[in-house]
Amino acid sequence: MDLDDTPEQAAYRAQVRSWLEEHASEAPILQGPDAIRDEDEIIAARRVWQGKLAEGGLAGLTWPKEYGGQGLGPIEQVIANQEIARAKLPGILDAIGVGMLGPTIIAHGTDEQKSRYLAPLLHGDEVWCQLFSEPAAGSDLAAVQARARLQDDGSWRLSGQKVWTTNAQFAAYGLLLARTDPDVPKHKGLTMFLVPMDAEGVTVRGLRQISGEAEFNEVFFDDVALDAGAVVGGVGNGWGTALTTLMFERVTIGLGSEGMGYNSTRFASALAADEHARRDPEVRHRLGEIAAELLAIRFTGYRTLTALQKGQVPGPESGLAKVTLVSGAIKAGDLIADVLGPDALQEGSEWAYMISFLPGLKSAGGTEEILRNTIGERVLGLPPEPRLDKGIPFSELRSKEGAPA
Amino acid sequence: MNLSLSDEQVFLREAARGALSRFKTLEAAREALDGDEQALPDLWPTACEAGWPGLLIGEEHGGAGLDAFDAMLVLGECGRVIAGVPLLGHLPATAILDAASMAPMLDELATGEKRAAYLPVSPPGDVVTGWTVDPRSGIERPGAPAASGSGESVTVSGTLAFVPDAPGADVLVGVALLGGKPVGVAIEAGAQGVSVEAVERYDATRSLGHVKLENAPATVLDTPEEILAAAWYLAQALIAAESLGSVETALDVSVAYAKERFTFGRAIGSYQAVKHSLTEVLRELENGRSLLYYAGWARHGAPGEFPLAASAARSVAGRALDDAARTMISVHGGIGATWEHDAPLYFRRAQLSRRLLGGTGGASDRVAGELIAQA
């Protein structure tokens, strides 16, 4: 048991560190007095920086070499992330594209799709977004209703709505899960498409949240034309293709959760600044309980890495770490606001922002309830909840629910 | 980066599980609560045969020269079956002695021919700045025992309540204040001025004693102050590991029952209310496991973080056991609250453990204190 780099890992770390030192001056400045303020300029600058990181081998480094990656493992990915954070430099802009959507295309795409889309994605020339969730299909993702209809000439027409779409406002392409056959059970009638976001009939609208800011979008598709080459992974195979994306999503979240800034040191510092709070038994008790759980996440991450390094599938602890992270941060926000009072809720305060953001994060990537169902069934082996949708064609299911198919 | 068990550690754990499986520890725990004190098996010979007394003693003294994490694996196995093996007292005591240059009895302690008990003294923190001991009752923590005299032989006076594994120990090892400065002391239990009153509280498998020292002759150890403090945190890490072992069993038994017990035509484990409460125990267990790795690594890998790591492990593991024991009872319904079931034994273990060695709440406070002091 040790937490040190192996000689190979140490050499890799040194290599990353020296590359970052050499190129730090080329990175966009996003914090402090000299920071870029204009949203469009920030995005443009971060796209250029992603291209430089890709050239330096620091974007998509777990991608195979033939697609522009480095063919390295998750541990090197973590080392690169750690070094980028240590140097206080921005990471890649399109973490979703590079971490989840690109790997899905690598796994399921045609040769034409790979040669057309992967390089611009990796270099930030074309940003991608993930068009999976819908207003009525989130945790139960296979219930998507966005409908793609096959035309006589082999092309498709797409109508429907997607939601919680990060980066849609500047994305060039999206990977979209649509229903292509409503007359078979719901997991079977799905197909994955790649959709040009500038196509006629695509409308992107910012989705404002509790904080008042729009971190996500809703995206509307009104009879959008897609050519036959837009299908990824075969017609009717959408569910299997989506599972690949979701698997990469778990890995991306598992390796990146430390980077969200919800850590015990930050919360303790906020409370330590108050002379009375730092000695108050109740404050200390609450802080201690929250911090102990948040500390566990770091070592859970190391356990996940150990498993990945050995070629094993990470255990349940990585899924449960998200529950711990979010619930711990929510309790920490409550504690800090209890100590600081209403000023913690002032517009522009880091705590107001965090307090507003967390209730939604609880449902991100699948609600906590669904996560607990999945872990209870897959890990503890508990029997599943009885289901009313098994084997029933999606169209009949919809009419049972009282909605048009 | 490698946070997994070595082959030797897997073997150590499996061997411990095998050795303890030869005893009906749960039945014995229940019979002991019914007043049959002879029912509890003497597990010390088994411990000696397995080499557990010498886990933290150097090989030059006949020990195994292993580290905290190995000891935690053994304690975890004891916790799984609520086995009363007096290691919680013995191991931190041997850690103090092993760090001293001229420690008495070390070779006999390594074989288990003699047994030691640690006198738990909590090191200073950011708010409470003295060395303190657990009170007999209440929340005010008395100061550490006082030593007087000079040189290697001094006399020690003071009282310590609810000392794990003190009854029957040959030597008591802990911290006393000599001229206000903490020093390590070893006191022969049979010496004049030493009294150990055995006490039983709620969980008959847990050996406890009130220790009274009245000018008791003691050997001063040249153990560095950090080691004296680390012994407290080692005890925290060990009780954390032991607690998580109990959580494992409580969860396994509860899950098995949730699969076989049917109501309204389906297994109760299919109901989300039951499933989610069991998943919550799993979440707490996995967090605790991660922190055991942290504590096991930090003792030598990052000694400055050991107080934080061990306290965090205790805080999470203690709460996990509380929750696991209560969940075990509620998942089993009425039967879980009856004398014949094992759930009450785990519940009793949880209730008492929570209040020993500074308490689970004390560990949470220490986590806060360590982080605040660094802020």
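Arg372(A) and Glu280(B) form a salt bridge whose closest N and O atoms are 3.0 Å apart, a salt bridge being a side-chain nitrogen of Lys or Arg within 4 Å of a carboxyl oxygen of Asp or Glu. The count between chain A and chain B is 10 salt bridges, while a search of the whole structure finds 40 over all chains. Another that can be located is the one in which the side chains of Arg319(B) and Glu293(A) meet, at 3.6 Å from N to O. Because Arg319(B) lies in helix α9 (residues 306-332) of chain B and Glu293(A) in helix α8 of chain A, this pair joins two chains.

This is a predicted model, in which local features need a pLDDT of at least 70 and side-chain atom pairs count only at pLDDT 80 or more, whereas totals for chains, interfaces and linings use all residues. Residues are numbered from 1 along each chain as its sequence is written, chains are lettered from A and ligands numbered from 1 in the order in which they are written, and side-chain values use heavy atoms, with hydrogens and water left out. For the complex the predictor gives an ipTM of 0.97 and a pTM of 0.94. Chain B averages a pLDDT (the predictor's confidence in each residue, from 0 to 100) of 97, and 100% of its residues score at least 70.

Where the two chains meet, 50 residues of chain A are in contact (heavy atoms within 4.5 Å) with 48 residues of chain B. The area buried between them, which is the accessible area (1.4 Å probe) that two parts lose on being put together, summed over both, is about 4600 Å², and carbon and sulfur atoms give 63% of it.

On the side of chain A that touches chain B, α7 (264-272), α8 (281-309), α9 (317-340) and α11 (368-378) each supply at least two residues. The largest share of that side, 18 residues, comes from α8(A). Sorted by class, the same side has 23 nonpolar residues (Ala, Val, Leu, Ile, Met, Phe, Trp, Tyr, Cys and Pro), 15 charged residues (Asp, Glu, Lys and Arg) and 12 polar residues (the others, Gly among them).

Taken by itself, chain A has 12 helices and eight strands, these being DSSP runs numbered from the N terminus, with helices (H or I) of at least four residues and strands (E) of at least two. Along the principal axes, the C-alpha atoms of chain A fill a box of roughly 70 × 50 × 45 Å.
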